[in-house]
Amino acid sequence: MNGFKFLVGLCLGILLILVPMKTQSSDGLSAVRTLAVQLDGRQKPLDTVAVETVSKVYGATTYRYKDAETHAILQEDALHTYLNLWLDIRHWTEEPIILVNYRRLKDAAGLTTEREHFTFQELSANGKLADMIQHAHQPERDDKLLSRKEQDALIVENRINILGATMDHQTLPIVPHPTEINGQWFGLNGDQTLYSQEEIELLRDRFAMIQHTLLSNHDIHFSTIDSMFSELKRSLRDLSPAVYPSDRTLKREVFFNRFHPFTKAWELYALAFGATLIGLWIKPWNLYWTGIGLCTVGVGVQAYGFILRMAIGTRPPVTNMYESVVWVGFGIAAIALLFELINRSRYYLLVASPLAIMCLVLADSLPTVLDPSISPLAPSLQDNLWLSIHVPAVVLSYACFALALGLGHVALGNYLFTPNATHRVKTLSQLNYRVLQVGISLLTIGAILGGFWANFSWGRFWGWDPKETWALIALLCYLVPLYSRLVRWIGDFGLNVASVIAFNAVLMAWYGVNFIIGGLHSYGFGTGGPGLLLIGIVGLDLVFVFITAARHYGWSMADILTTSKNG
């Protein structure tokens, strides 16, 4: 019976993936989507350029706008928005498409704080914003010395520049280099010495015909001119067949963009969580193995997404904050599934599913903070052997500690609300202890491998870089309570408290180095992270731990005040 329920979960999960793919009809824009462009150090399809551009400028991949005639709120996907921009179909300088979401910057620039999007004209003509940008660009200013307001002003400047460059359709580098695979591509108005005048004029004529067709008939759909894009693409490929990417390579990336494997994964984890929860609450409906099946498909889909991303980027997908967050979500689900199959405890799946969902939803919903773009590697990351073993080991240790964080919260919740459930608390503590052991093993291995890589790249094993320092602090924060439990200095309660509090060291090593401190390891260093929100959550969590400890040890308010006065 359990095997049948597991197969039901597997089949249901597979159907939930395949049915939308089957029913999703082609939009007739194959040639448009697979038009090759060289941007940000690599060749990519126009579909990817559209997604990345609209995300960076607007803050989301779906653009919402008000129709000028009907005043209805309409929406269009990233590709249609980008094509309208690139081909100059609408008056884009007058549409509120540029994201400005930092309230203090809006106050300083005299912008309406209730709005999040502004027009190109509004921002370009804003003298206060221009002054802040100019001040931030002064030669003596260091990036680390800039205020949050100045950093966000530079981000807005970058969005303005991206929008302006997109509207300058002649500069988009779609013309391949004639001989060199990694040679510089150029736009239709670029270097004309590499090809004959006739070849360049043919490309310009084809592009002008596409633009004229769209401008002369605003109601025409882009799919009706896909054949014209196909001719343009064929002409570009004929210029340099050895350099122009193959259709298979371009279509693979377009499929990845439209398949959304990480979104599908968290949806399956949510169903697995629901099935497991129903099985606990409604005993006749034992859907535990169905939840296991759904979680298995979710892990498989996420793994497939990583394989696609690795094939596109030709590297392990663990080199920036976005990829690390998605990888931690994967690690939480995969490690919990493995422990669940070994222990059959149900708690691993119940705790892991919400944590994995949270990681993947954050990665999906914060493109301006967690940039999902597939970018070339930094020079010190070029050695893929070290990258393939050091970084995944460290990030998987974060996944173990996140799982321990969840188990610790469930255990402390039982201490607070059901103090008599001693058997359940004991079970949760044992499960937590095993996960912490795996996490410490992975972090220790990752730190040692990191030392060898540092010696290979920088000529030294250890340099007290912020990332190295905080990784050591995190390791000690978990080693001390585990050793204390081994020698019986602390019990199950102390271990669960430690698994919650010690995760703050992981947050500093993971989030703090990238968004606050910087250093040699902060390849995704930037601004825009939800710092105040995170501080608030950590503060509330510590209050929860304190209240639980007070309940567990029988502290009264009088005892606390007396201790405070004596201290």
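How exposed is Lys426, in terms of relative accessible area? Lys426 comes out as partly exposed, at 40%, where buried means under 20% relative accessible area, exposed over 50%, and partly exposed in between (1.4 Å probe, protein chains only). The model is a predicted one, so local features need pLDDT of at least 70 and side-chain atom pairs count only at pLDDT 80 or more, while totals for chains, interfaces and linings use all residues. Residues are numbered from 1 along each chain as its sequence is written, and side-chain values use heavy atoms, with hydrogens and water left out.

Salt bridges are a good place to start. The term covers a side-chain nitrogen of Lys or Arg within 4 Å of a carboxyl oxygen of Asp or Glu, and by this rule the count comes to 17. One of them joins Lys426 to Asp492, with the closest N and O atoms 3.2 Å apart. This pair links distant parts of the chain, Lys426 sitting in helix H17 and Asp492 in helix H19, 66 residues apart. Helices here are DSSP runs of H or I with at least four residues, strands are runs of E with at least two, and both are numbered from the N terminus. Unlike the partly exposed Lys426, Asp492 counts as buried because its relative accessibility is 14%.

Glu323 and Arg309 also meet through their side chains in a salt bridge, at 2.9 Å from N to O. Glu323 belongs to helix H14 and Arg309 to helix H13 (residues 288-313), so this pair ties together parts that are 14 residues apart in sequence. Both partners are buried. Then there is Asp247 with Arg237, a salt bridge whose closest N and O atoms are 3.5 Å apart. Here the link runs from Asp247 in helix H11 to Arg237 in helix H10, across 10 residues. Asp247 is partly exposed at 31%, and Arg237 is partly exposed too, at 21%.

Arg33, Asp47 and Asp77 are linked in a salt-bridge network. Arg33 itself is found in helix H2 (residues 30-33) and counts as buried, with 5% relative accessibility. Its side chain makes a polar contact of 2.3 Å with that of Asp47; a polar contact is a pair of N or O atoms within 3.5 Å, where, within protein, one must be able to donate a hydrogen and the other to accept it, and residues adjacent in sequence count only if both atoms are side-chain atoms. Not counting residues up to four places away in sequence, Arg33 touches Asp27, Pro45, Leu46, Asp47, Asp77, Leu79, Val254 and Arg258, contact meaning heavy atoms within 4.5 Å.

Pro45 turns up again in the surroundings of Glu253, a residue of helix H11 (residues 247-259). With neighbours within four places in sequence left aside, Glu253 is in contact with Arg42, Lys44, Pro45, Thr48 and Ile312. Glu253 counts as buried, at 5% relative accessibility. From Glu253 to Ala311 the C-alpha distance is 8.9 Å, although the two are 58 residues apart in sequence.

Ser240 lies in the loop between helix H10 (226-239) and H11, and with 1% relative accessibility it counts as buried. A polar atom of the Ser240 side chain lies 3.0 Å from the backbone oxygen of Pro178. Pro178 is also among the contacts of Ser240 beyond four places in sequence, as are Pro176, His177, Thr179 and Tyr195.

Over to the strands. E3 (residues 63-66) and E4 (residues 73-76) pair in the antiparallel sense over four bridges, given that pairing requires at least two bridges found by DSSP. Side chains alternate along E3: Tyr63 and Tyr65 point to one face and are buried, whereas Arg64 and Lys66 point to the other and are not. Opposite Lys66, in E4, stands Ile73.

Most residues other than glycine have a negative phi. Arg344, in the loop between helix H14 (321-343) and helix H15 (347-365), has a positive phi of about 55°. Arg488 also has a positive value, near 65°. Arg488 lies in the loop between H18 and helix H19 (492-501) and is exposed, at 74% relative accessible area.

Finally, Phe461 occupies the loop between helix H17 (422-458) and helix H18 (466-486), and is partly exposed at 45%.
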